[in-house]
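Trainee: I'd like a close look at one part of this model rather than a tour of the whole thing. Could you start from a single residue and work outwards, telling me what it sits in and what holds that part together?

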Amino acid sequence: MSTMKGVDGEFLGVGDKAGLDIWCIMGTNVVPIAKSLHGKFYTGNCYIILHTAEVKSGTRRHNVHYWIGEEAKEEDCLMASDKAIELDAALGSHAIQCRETQGEESDKFLSYFKPCIIPVQGSFSSHWRRSGDECDGTTMFRCEGEHVARLREVPFSRSSLDHKAAFIVDTPSKIFLFSGCNSCIQTRAMALDVIKHLRENRHCGRCEIGIIEDGKLASDSDAGEFWNLFGGYAPIPRDVPDAANGGPMTTSPKKLFWINKRILVPMETHVLEREMLKSDRSYILDCGTEIFLWIGMTTLVSEKKTSATALEEYVHLQGRSSIGRTVIMTEGHEIVDFKLHFQHWPKNVVQKLYEAGRQKVAAIFKHQGYDVAEIPDDKPRQLISSNGCLKVWLVDRGCVTLLCTEEQEQLYNGDCYIIQYSYAEDGKDYHLFLAWFGQDSVQEDRVATVSLMSSMADSVKGRAVVGQVLEGREPELFFLVFKSLIIFKGGRSTAYKNSILQKSNRTEQYQKDGAALFRVQGLRPDCIQAIQVHLCYFAATEAIIVSLFKAKEVFSFSQDDLATEETLILDCGEEIFVWVGLHSGVTSKEHALDFGKMFLQAGIARDGPRSINDTTVYAVAEGDEPAFFTSFFNWDSSKQAAAMLGNSFERKLAMLKGLSPKMETPDRSLRKSSSRRQEISSEPTTPEQQQQQPAAARRTFGSASAGRTARERLPPPSSAASASPATPSWSLKSRASSSPSTPATARRLFPSSSLHAPGTAAAHLPSPTAIGSPGRRR
């Protein structure tokens, strides 16, 4: 086998296929771990983990982690950091390397091993001949987390129980789940996934399951059997507040060191600048809860190992082996969290090879005399049926006017419009509603347009999705609906005309007898647009408002992460989808669209903030997912649980116990009680009908409490079946994905439970996590 200088031969040729590769540190060697043992880590060992993700452009994205067991030797820790450097070198020095300590693993790392990782006492060297999991005696686990399960074994004792988490007691004949009264529904649902894993792997699928709720007495058979394991029932003491939440949070001063032969040399500075980092050196940036190692691009592999050793020594010397996050990166491949600590970090404009090649081919055609702007895509994407019915309404003074067929393809940039595109697919009726805001439209019309669109979408029979679109930032879907479109300057609404009269310099307006300049563009020959521009055309930029908001990313997301109690945001770059679960706290379409605005204003993006006007926002309800949403997932229609009664915990429990799930019909009227089903009119909701709706349905997003998590509004599991929350008015049915793949773009999933409105406490939220591997449209 050919070798690379300073790189272990086991790492050569790896990373070509998507998935996981794991090695265990054995002295100075690395031993590959079989796929069947992935997720099984011995506490006395250190491991190297490579996660490879495919990107649409045909390249691979790599993330390297090295896991440190709590009983691992110090020399194994140093060897693990060296081997992580070698693996990165074998991959081209492009990977991000993260140090993971047992019990403090990052969400990104845990997302590779769903439903969980279960550390095993001992070392791999003494158990390497054993395979599978054996259930010897009784073991007890503490389970936390919502989208990833943080599982750790605790002593089998009543004193290990508390009210904050879920606890799993695994006996030879039965597995018990004890749900603390202060644990959230998502944590309990994750614990059920762990129980399913234990039953299949430790009990060959043959094991009873008992559910115990905190505070329930021994009159319940499962509860009585559970407490007998501890010698009888006894109350659990109240939870002690975490020390971290006992007082105000303090920010540790940043410390920057450059590494000189394993010696850390402090750099005295009050402001960090990118120019301070030299390409022939390595630096450690200590930010308190995070420690970064930055390695210059011209350093040798041996020098990188020396820097990694210095990092390990620094972490141990500081007594922070299991606290915070440690990240290693190479110059040119820095993560956002690192760059945010520096003033004026320059943006890297790196042209993709594919795009550069397309432009070179276009240049060759131009040289031969052809007028070619760029080479078109080989095959257009079919995002939506082309046989639908289009209707367009002009919004004026809070009312709508339906445009005739000739006028509906002639819009004015001073007006706002409601576009309804109705189509049939898979024998079902779908409705796409879009609120289009002209660039010169006034705020009064924009607010009215969103409200009127929401009412219209509530009134139709079928599956409705709503979205907001700003002129100049229209998604491809918008133009496919129109096929041909002309956008004129000026406007017809009263509010726009009044705003023009108040201005000293009037906006240019289209006149039939005057001169006008149009920009002609198109996705394909049958989808052309003509947009009027200024006679002296130029591009303008717009500043954005950066909020106080923070979000925690869901890594390696899948359809299973769409929990019915939550509102989640799927970030696809130029488009974001706000997905609303049936049992979430979102009360209306406007509420959902506002969540999208909050997310954009928070500036949670791979390269920092982006303008709120650069992105189209869609609101999608659970059970109503259209193909242009489900195509971002490996969608399985058989998993669709939109019509199941209860929260995610109750749904999973019913399936785990093999019970027939209770079904409910989603209520399409605006937040009406599930016991009152009313016929849905095809006309927009009238004010009289709105007065009959519950008060919760008429709440606006302005309240500071509107951004609270869904679990704060839900009853405990014992009462959820009898008093389930009202369902959103705009829930729909799902359909299978049929869209082809799309251009490579970052697609990330965020639960809105981690978004807080201004004025609410957000100090306990973690900082935005490192960027995860993108999902793929299939």
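Mentor: Let's get one cut-off out of the way: a residue is called buried when its relative accessible area is under 20%, exposed when that area is over 50%, and partly exposed in between. Bear in mind too that this is a predicted model.

My starting point is T309, which belongs to helix α6. Its relative accessible area is 11%, so T309 falls on the buried side of the cut-off. What does T309 touch once neighbours within four places in sequence are set aside? The contacts are L78, D82 and R262.

Now zoom out to the sheet. It is an open one with 10 strands, and the pairing is mixed. Reading across, the order is β2-β1-β3-β4-β5-β15-β14-β13-β11-β12. At the two edges are β2 and β12, the latter spanning 263-266, and each of these pairs on one side only. From one strand to the next the twist averages 25 degrees. In general, strands of a sheet pair through backbone hydrogen bonds, and the pairing is either parallel or antiparallel. At the β12 edge you can see the antiparallel kind: β11, residues 255-260, is joined to β12 by four bridges. Within that pairing, N260 stands opposite I263 of β12.

Two helices deserve attention here. Helix α1, residues 74-90, lies across β1, β2, β3, β4, β5, β14 and β15, and its direction is about 25 degrees from that of β3. Helix α6, the one with T309 in it, covers residues 301-317 and packs on the sheet too. The strands touched by α6 are β4, β5, β11, β12, β13, β14 and β15. Relative to β14, the direction of α6 makes an angle of about 165 degrees.

Next, the charges inside the sheet. R325 and E290 form a salt bridge with 2.5 Å from N to O. R325 is in strand β15 (325-330) and E290 in strand β14 (290-295), so this bridge joins parts of the chain 35 residues apart, with both partners buried. R325 has a second partner as well: D337 makes a salt bridge to R325, with the closest N and O atoms 2.8 Å apart. That one runs from helix α7 (residues 336-339), where D337 sits, back to β15, over 12 residues of sequence. How accessible are these two? D337 has a relative accessibility of 9%, so it counts as buried, and R325, at 18%, counts as buried as well because it is still under the 20% cut-off. Elsewhere, D8, K83, E86 and K305 are linked into one network by salt bridges that share partners. Over the structure as a whole, the count of salt bridges is 20.

For contrast, here's another salt bridge, with one partner less hidden. E225 and K174 come together with their closest N and O atoms 3.0 Å apart. E225 is in helix α5 (221-228) and K174 in strand β9 (174-179), 51 residues apart along the chain. E225 has a relative accessible area of 37%, so it is partly exposed, whereas K174, at 6%, is buried.

Back at the β11 end of things, there's a cation-over-ring arrangement you may like: R281 lies over the face of W258, 3.8 Å from the ring centre.

That leads to the rings. Across the whole structure there are 40 aromatic pairs. One of them is F41 with F113, edge-to-face, with 5.4 Å between centres and 90 degrees between planes. F41 is in the loop between β2 and β3, and F113 in the loop between α2 and α3, so the pair ties together parts 72 residues apart in sequence. F41 and F113 are both buried. In F577 and F628, the centres are 6.3 Å apart and the planes at 40 degrees, so that pair is tilted. It ties strand β26, home of F577, to helix α13, home of F628, over 51 residues of sequence. F577 is buried at 1% relative accessibility, and F628 is buried at 3%. Finally, F156, F167, F176, F178, F226, W227, F230 and Y233 form one aromatic cluster.

Terms used: Residues numbered from 1 in each chain as written. Predicted model: local features only at pLDDT ≥ 70, side-chain atom pairs only at ≥ 80, totals over all residues. Heavy atoms only, no water. Salt bridge = Lys/Arg side-chain N within 4 Å of Asp/Glu carboxyl O. Buried < 20%, exposed > 50% of the residue type's maximum accessible area, 1.4 Å probe, protein only. Phe/Tyr/Trp six-rings, centres within 6.5 Å; stacked < 30°, edge-to-face > 60°. Lys NZ or Arg CZ within 6 Å of the ring centre and 35° of its normal. Pairing = 2+ DSSP bridges. Axes fitted to C-alpha atoms, helices over the stretch in contact; angles between N-to-C directions. Contact = heavy atoms within 4.5 Å.
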